[in-house]
Each structure stands twice: as structure tokens, then as C-alpha cells.
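Let's take a friendly walk through a protein chain, from its overall layout down to a couple of individual residues. Keep the viewer open as you read.

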Amino acid sequence: MELNNIRPAVGSVTRKTRIGRGPGSGKGGTSTRGHKGAKSRSGYKHKVGFEGGQMPLQRRVPKFGFKNINRVEYKAINIEVINQLAEAGNLEKVGLEELRAAGFVNRHQLVKILANGAISRAVAVEANAFSKAAEKAIVEAGGSISKI
């Protein structure tokens with residue numbers, strides 16, 4: 001192989017279609033633009049979202065609600081899960097590290113403890129937030145809470 005022998009692969013290079021060069025080309029006459037209408041004429045520019053006078057989609061679809069940029073998203077963990085973790089591992093303290101190790105949360109998630117279920121042992125619980133009922137249930141069982 002030498003530089004003067006190099007050719008593109010067969011079929012990879014095609015000639016540009018010459019539009020509007022007479023009827024013999026098969027692309028003459030209307031030059032592939034169809035008959036009449038704004039799109040067939042020179043200088044045509046469409047507006048973004050224009051649907052030929054039909055009410056455009058972005059005006060038809062109703063708009064509602066808003067996205068609160070200050071919203072804090074918590075991963076909800078119930079006290080029954082805390083109780084199961086404490087009993088299974090015989091733990092005195094259940095915090096973010098224990099929840100991550102058990103696969104309930106990842107390192108980017110904030111944790112809120114909710115009061116679904118029952119807690120039967122004294123456990124020190126560490127989380128980002130607690131519901132009032134969960135705080136009460138943990139303290140009544142002899143445990144303690146600490147917010148991070």
C-alpha cells in the first residue's frame with residue numbers, strides 16, 4: 001500500500017444530489033419541495049413550535065405547580081427497621097453508617113426516622129431528622145436521639 005493507491009471504501013462516498021437541474025435529473029421541477037405553500041418558497045423560516053396555525057403543543061398542555069428549589073429530600077426509615085437492625089446486630093447505636101452498611105441509604109441521602117412500627121429496646125439513634133412520634137417512641141423505649 002502506498003499513498004497514491006489509497007481510495008475510500010466502495011459505496012462510502014456518494015456524489016451530492018444536484019437539485020433543480022431539469023426534469024431529466026428526476027429532481028427538477030419542484031426541486032423536492034412539493035407543491036405550493038410556505039415551505040416550497042425561498043426565504044422560508046419556521047417559528048419554533050409552529051404547527052401550521054393549529055394550536056401548538058406548548059399552549060395546549062395545561063401548566064400547573066412549581067418545583068421548589070429549596071426542598072430537602074429525605075430517605076424515610078421507620079423505627080421497626082431500626083429495631084430489626086439493632087436486634088440482628090445486637091447494636092446499642094444505629095446511625096448513618098449502620099444504615100449504609102445494611103444497604104438502606106447511600107452516602108448522599110439524608111435520613112428521616114418515622115414512627116411506623118414499634119421499637120422494643122433502648123437504642124441511640126442518629127439521623128438528620130425525626131418525626132415527633134418517632135422521637136417519642138424511641139425515648140419511651142429508653143433510647144436516645146441525636147440530630148446530625
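Before looking at how the strands come together, one convention helps: two strands count as paired if DSSP finds at least two bridges between them. With that in hand, note that what you have on screen is a predicted model, and take strand β5, residues 129–130, as a test case. Two bridges join this strand to β3, and the two run parallel. One of the links is easy to find, as Lys112 has Ala129 as its bridge partner in β5.

Now zoom out to the whole chain. There are four helices and six strands in the protein chain, and reading along the sequence gives the pattern α-β-α-β-α-β-β-β-α-β. The protein chain is more spread out than a compact globule, because its radius of gyration is 34 Å, well over the 15 Å that the globule rule gives for 148 residues. You can see this in the C-alpha trace too, which spans about 95 × 60 × 20 Å along its principal axes.

A few whole-chain values add to the picture. Of the 148 residues, 19% count as buried. The accessible surface comes to about 11,900 Å², and carbon and sulfur atoms contribute 53% of that. If you think in terms of electrostatics, the chain carries 26 positive and 11 negative charges, and the mean positions of these two groups lie 31 Å apart. Among contacts with a separation of 6 or more, 43% are between residues 24 or more positions apart.

Let's return to the strands, starting with β3, which covers residues 110–114. Besides its link to β5, strand β3 pairs in the parallel sense with strand β1, residues 74–78, over five bridges. Within this pairing, Ala76 finds its bridge partner in Lys112 of β3. In a regular strand, side chains alternate between the two faces of the sheet. Strand β3 has Val111 and Ile113 on a covered face, while Leu110, Lys112 and Leu114 make up an uncovered one.

Another group of strands forms an open sheet in the order β2-β4-β6, with parallel pairing. Its edge strands are β2 (93–94) and β6 (144–147), each of which pairs on one side only. Strand β4 spans residues 124–127 and meets β2 over two bridges, in the parallel sense. Look there for Lys93, which stands opposite Ala124 in β4.

Which residues does Ile77 touch beyond its neighbours within four places in sequence? Ile77 sits in strand β1, and its contacts are Ile82, Leu99, Phe104, Val105, Val111, Lys112, Ile113 and Leu114. Ile77 counts as buried because its relative accessible area is 3%, under the 20% cut-off. For a sense of the chain's reach, compare Ile77 with Val13: the two are 64 residues apart in sequence, and their C-alpha atoms are 61 Å apart in space.

Is Asn83 buried or exposed? Asn83 belongs to helix α2, residues 79–89. Its relative accessibility is 9%, so Asn83 counts as buried. Leaving out residues up to four places away in sequence, Asn83 touches Ala118, Ile119, Ser120 and Arg121.

Definitions and conventions. Residues are numbered from 1 along each chain as its sequence is written. This is a predicted model: local features need pLDDT of at least 70, side-chain atom pairs count only at pLDDT 80 or more; totals for chains, interfaces and linings use all residues. Side-chain values use heavy atoms; hydrogens and water are left out. The radius of gyration is taken over C-alpha atoms; the globule rule is 2.2 Å times the number of residues to the power 0.38. Buried means under 20% relative accessible area, exposed over 50%, partly exposed in between (1.4 Å probe, protein chains only). Contact means heavy atoms within 4.5 Å. Accessible areas come from the Shrake-Rupley method with a 1.4 Å probe; for residues, only the protein chains shown count as cover. Lys and Arg count as positive and Asp and Glu as negative; His and the chain ends are not counted. The place of a charge is taken as NZ of Lys, CZ of Arg, CG of Asp or CD of Glu.
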